[in-house]
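Welcome, and please open your viewer with the cartoon and side chains switched on. We will go from one selection to the next and say what is there at each stop.

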Amino acid sequence: GGGEVIVADFTALSGGAVHNRHDPHACNDPDLKREWSRKVENDFEAYRGNAELLESGAVVVCPEAEWRAEVQRLRAAHPGHFFAPVFPR
């Protein structure tokens, strides 16, 4: 589909609890990341429209076709932060 995807900064959302300080492709706490992922997924519209999160960069909305490139760009721009896509249900 041509929908939108949220690329979430799970480090920002979790107050630093979820990160990838030691490996840009790994996540230090997959369980907590999954929890947050579910939270965003369940409340997709609210996160997608949250001006504060969008402004701070904790939530980035991008076209479905571009999320992989966006994740790579954001991980490179914010070392130690764990970014991952969240899809609408």
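This short tour visits a strand, its two partners and then a pair of cysteines in a predicted model.

**Stop 1: strand 1.** Select residues 4–9, which make up strand 1. Five of these six residues are buried, so the strand is largely enclosed by the rest of the structure. While you have the side chains on display, keep a general point in mind: in a regular strand they alternate between the two faces of the sheet.

**Stop 2: strand 2.** Now add residues 59–63, which form strand 2. Strands 1 and 2 run antiparallel and are joined by five bridges. To find your way along the pairing, pick Glu-4 and look across to strand 2, where Pro-63 stands opposite.

**Stop 3: strand 3.** Next, add residues 83–86, strand 3. Strand 1 is antiparallel to this partner too, with four bridges joining them. Here a handy pair to label is Ala-8 and, opposite in strand 3, Ala-84.

**Stop 4: the cysteines.** Finally, select Cys-27 and Cys-62 and show their sulfur atoms. Are these two residues buried or exposed? Cys-27 is buried, at a relative accessible area of 19%, and Cys-62 is buried as well, at 5%.

Why is there no bond between their sulfurs? The closest cysteine sulfur to that of Cys-27 is the one in Cys-62, and it lies 19 Å away, too far for a bond. A disulfide would need the two sulfur atoms within 2.5 Å, and by this rule the model has zero disulfides.

Notes
Residues numbered from 1 in each chain as written. Predicted model: local features only at pLDDT ≥ 70, side-chain atom pairs only at ≥ 80, totals over all residues. Heavy atoms only, no water. Buried < 20%, exposed > 50% of the residue type's maximum accessible area, 1.4 Å probe, protein only. Helix = DSSP H or I, 4+ residues; strand = E, 2+ residues; numbered from the N terminus. Pairing = 2+ DSSP bridges.
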